[in-house]
Amino acid sequence: SDVTVEASFKKIEKVHVDDVLKNDYCTISFSETPVVIGNKYIVGKGGSVTIAPVDPYCRVKVNEELPKSTITYNKTKVINDIQISTNKFVGGWDKTYSANIEFVVDENAPTIANITKTPDQEYYNKAYNVSFDVSDDIAGVDSVYYGTENDITKAKNATFDSASGKASFTTTDGEFNGNYYIWAKDKVGNKKSTSVKINIDTTAPTIDSFEFSSKTLNACTHGTYASENIKVTITASDKNSEVTNSGAKEITFNGETEPVNKGKAEFVLKASDFASAKEVSATATDFAGNTSQITIPTSDNSNVKSNLVKISNIAPTATITIAENKKDNLVSYDAENGIVWFNGDADFKVVLKDDQSKNGIKYIEVTLNGEKIDTVKDSDNNDLKISDGENNIDFSELQEIEKTIYVNTALNSENYKKTGQNKLEVKVTNISGKSNDTSINDKLYI
């Protein structure tokens, strides 16, 4: 038999809503104020959105999902159509409107990258500029901070350009050894932190010592002398700061700069540069760029007594003549055979000069028949000791360019043959270590 079914259909009204968050049909509420970018509503970690119908409506459905009295999302969700109904259990839907929004739960912190210190060096003696990139692809960067303590509540705002994503700050210019901390926070509260090592050393290093070495080195109060190149080893340290010490990097001495290796640097003072006396001094520079005070070698910090240096290889001269008071004893002089005859004691005048190098006389050595004479006469006929029996007396501090002595055979009778051949020799050495040997003749007869 024929069955007749009667059904009635209710047309769902499609409505337009200017503001999806403000309408007469349902409430859309967020657990926190969202960041709105276009049709995206963004909340932070743990955030949610709740959709509930407004009286007289009692049910809601999103995107053809199961209807509920209220719907809550705590994960990212695209919300297209929202339908509402006055029927609590079954039945058609009264209203439908297109929300077309995306609910986004942003759990990602911003990114901090490309941290650069200017200047790009481990130590510096002034403030650094620190620059870096900050980005956040979802909610966007809200603020950037920095500080010397790992506590964001004590941090300062860094300079940040949202258009370029560039951030920067300037450190203190005082001494510092540690980390600068950096934070970036996005607009929904996610934070990223990192740090950069900063070493600021404003304390200069020191020159500690000088060591001069040469076979002919002569350290006087009025100058440092030699007849050949002088090697100079200089030590430096960087230990005066209570905060951070970058370490001695290089030493500059006599216009030349050498790196410090194990606390030392070596230099050579060349004879060609010190034919005339010149003062020398040194400075040390640390890795932060601090330079020490100008330091000169003294008896306190070196094995020399003066920073005035002279290198000369010009020898002194010695001239031996017969003293006026003993010329009566001169019998004859055979220049051709180099023979001088005396009939009694011989007295010789010896003139010592260093008038070419102008350094001065250091040692006087007189031998008669190969035996050293310890005492001679000076120009005032006073005894002048030139040897203590083992070592020559050092006259360097007198800085005498010319000196006259007298040698009398009578005063040295044990060293000469009263009858026969004798030989008188004089060796003079100047302050720079150059010597000259002179003898009266190969044959001296009495």
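Modeller: Helices (H or I, at least four residues) and strands (E, at least two) are DSSP runs, numbered from the N terminus. This is a predicted model, in which local features need pLDDT of at least 70 and side-chain atom pairs count only at pLDDT 80 or more, while totals for chains, interfaces and linings use all residues. Residues are numbered from 1 along each chain as its sequence is written, and side-chain values use heavy atoms, with hydrogens and water left out.

Colleague: How many helices and strands does the protein have?

Modeller: The protein has 0 helices and 40 strands, and buried residues (under 20% relative accessible area; exposed is over 50%, partly exposed in between, with a 1.4 Å probe and protein chains only) make up 44% of its 446 residues. Of the contacts (heavy atoms within 4.5 Å) in the protein with a separation of 6 or more, 65% are between residues 24 or more positions apart.

Colleague: Which strands form the open sheet of 4 strands, and in what order?

Modeller: Strands of a sheet pair through backbone hydrogen bonds, either parallel or antiparallel; here two strands count as paired if DSSP finds at least two bridges between them. In this open sheet the order is β13-β12-β16-β17, with antiparallel pairing, and the edge strands are β13 (156–157) and β17, each of which pairs on one side only. Strand β12 (residues 141–147) pairs with β13 over 2 bridges, in the antiparallel sense, and Tyr146 stands opposite Lys156 in β13.

Colleague: Where do the side chains of strand β2 point?

Modeller: Along β2 (residues 26–30) they alternate, with Cys26, Ile28 and Phe30 pointing to one face, where they are buried, and Thr27 and Ser29 pointing to the other, where they are not. The antiparallel pairing of β2 with strand β5 (residues 49–53) runs over 5 bridges, and Cys26 stands opposite Pro53 in β5.

Colleague: How many residues of strand β26 are buried?

Modeller: In β26 (residues 282–286), 5 of the 5 residues are buried, so this strand is largely enclosed by the rest of the structure. Ala282, Ala284 and Asp286 point one way while Thr283 and Thr285 point the other way, and all are buried. Strand β22 (residues 248–253) pairs with β26 in the antiparallel sense over 5 bridges, one pair of bridge partners being Ile251 and Ala284.

Colleague: Is Pro205 buried or exposed?

Modeller: Pro205 lies in the loop between β17 (191–200) and β18 (206–213), yet it is buried, with a relative accessible area of 3%. Not counting residues up to four places away in sequence, Pro205 touches several residues, among them Ala284, Thr285 and Asp286, each of which belongs to the buried set in β26. The C-alpha atoms of Pro205 and Gln293 are separated by 8.5 Å, although these residues are 88 apart along the chain.

Colleague: Which residues is Ser312 in contact with, leaving aside its neighbours within four places in sequence?

Modeller: They are Ala226, Ser227, Ser357, Asn359, Ser432 and Lys434; Ser312 has its place in the loop between β27 (308–311) and β28 (317–322) and is buried, with a relative accessible area of 6%. Its contact Ser432 lies in the loop between β38 (424–430) and β39 (435–439) and is also buried, with a relative accessible area of 0%. Residues up to four places away in sequence not being counted, Ser432 touches Thr216, Tyr225, Ala226, Ser227, Ser312 and Asn359.
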